[in-house]
Structure formats: structure tokens, C-alpha cells
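Biologist: I'm new to this one, so could you walk me through it while I look at it?

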Amino acid sequence: MAKVVVGMLGFGTVGTGVIRLLNQCAGIQLKRVAVRDPAKLRAVQAPCPVSANPMDLVDDPEIEVII
């Protein structure tokens, strides 16, 4: 089964839960997360780069879905 490559906007309470769920899915690869403050400490470590620029997700040709 091919992996679906996704990017995510936001990494707050809901985003943290989404990342926990995505980490359990074998068919989904989280490639990048965009947030307002990448330096902010979070309850979960992102398994990918965290950026302050949402255009990093839009401009990445490997990202198929943005959450």
C-alpha cells in the first residue's frame, strides 16, 4: 500500500491529537507542520519539520493532502 503524504496546519490541542493518531497509521506520512510559533514547547514531538510558513506546505510537491 502506498503512503499518503500529508502536511498539517496547526499544532495545538487538536493538532496534537491528530499527530498522535497519524503516528499510528502506517499508510500516512506526516511531512511537515506549519504553526505560528515553531519554538513553542508542545506536549508531543512532531515527527517532521515544523515551520512558521504555511506556504512551505503548499509549495512542497510531495504533500498530497493538507489537514
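Modeller: Let me start with one side chain, keeping in mind that this is a predicted model: the side chain of Ser51 reaches the backbone nitrogen of Asn53 at 2.9 Å.

Biologist: Okay, and where is Ser51 found?

Modeller: Ser51 is found in strand 3, which covers residues 50-51 and is one of the edge strands of a sheet, pairing on one side only.

Biologist: Is Ser51 buried or exposed?

Modeller: Ser51 counts as buried, because its relative accessibility is 8% and the cut-off for buried is under 20%. Leaving aside residues up to four places away in sequence, Ser51 touches Arg32, Val33, Ala34, Val35, Pro38 and Asp56.

Biologist: You mentioned a sheet; what order do the strands have?

Modeller: The sheet is open and has four strands in the order 3-2-1-4, with parallel pairing. The edge strand other than strand 3 is strand 4, residues 65-66, and two bridges join strand 4 to strand 1, which spans residues 4-9. Within that parallel pair, Gly7 of strand 1 stands opposite Ile66 in strand 4.

Biologist: And what holds strands like that together, in general?

Modeller: Strands of a sheet pair through backbone hydrogen bonds, either parallel or antiparallel.

Biologist: Switching topic, which residues make up the largest nonpolar core?

Modeller: That core has 11 residues, among them Val6, Met8, Phe11, Ile19, Leu22 and Leu30, and Val33, which also touches Ser51, belongs to the core as well. The elements that give two or more residues to the core are strand 1, helix 1 (13-24) and strand 2 (28-34).

Biologist: I see Cys48 in there too, so how many disulfides are there?

Modeller: A search of the whole structure finds zero disulfides. Cys48 is indeed one of the core residues, but its sulfur is 14 Å from the closest cysteine sulfur, in Cys25, which is too far for a bond.

Biologist: Are those two cysteines buried or exposed?

Modeller: Cys48 is buried, with a relative accessible area of 12%, whereas Cys25 is partly exposed, with a relative accessible area of 36%.

Biologist: Last one: where is Leu41, and is it buried or exposed?

Modeller: Leu41 has its place in the loop between strand 2 and strand 3, and Leu41 counts as exposed because its relative accessible area is 82%, with exposed meaning over 50%. Along the chain Leu41 and Ile63 are 22 residues apart, and their C-alpha atoms are separated by 25 Å.

Note on methods
Residues numbered from 1 in each chain as written. Predicted model: local features only at pLDDT ≥ 70, side-chain atom pairs only at ≥ 80, totals over all residues. Heavy atoms only, no water. Pairing = 2+ DSSP bridges. Core = buried A, V, L, I, M, F, W, Y, C linked by side-chain atoms within 4.5 Å. Buried < 20%, exposed > 50% of the residue type's maximum accessible area, 1.4 Å probe, protein only. Polar contact = N/O pair within 3.5 Å; in protein donor to acceptor, adjacent residues only side chain to side chain. Contact = heavy atoms within 4.5 Å. Disulfide = S-S within 2.5 Å.
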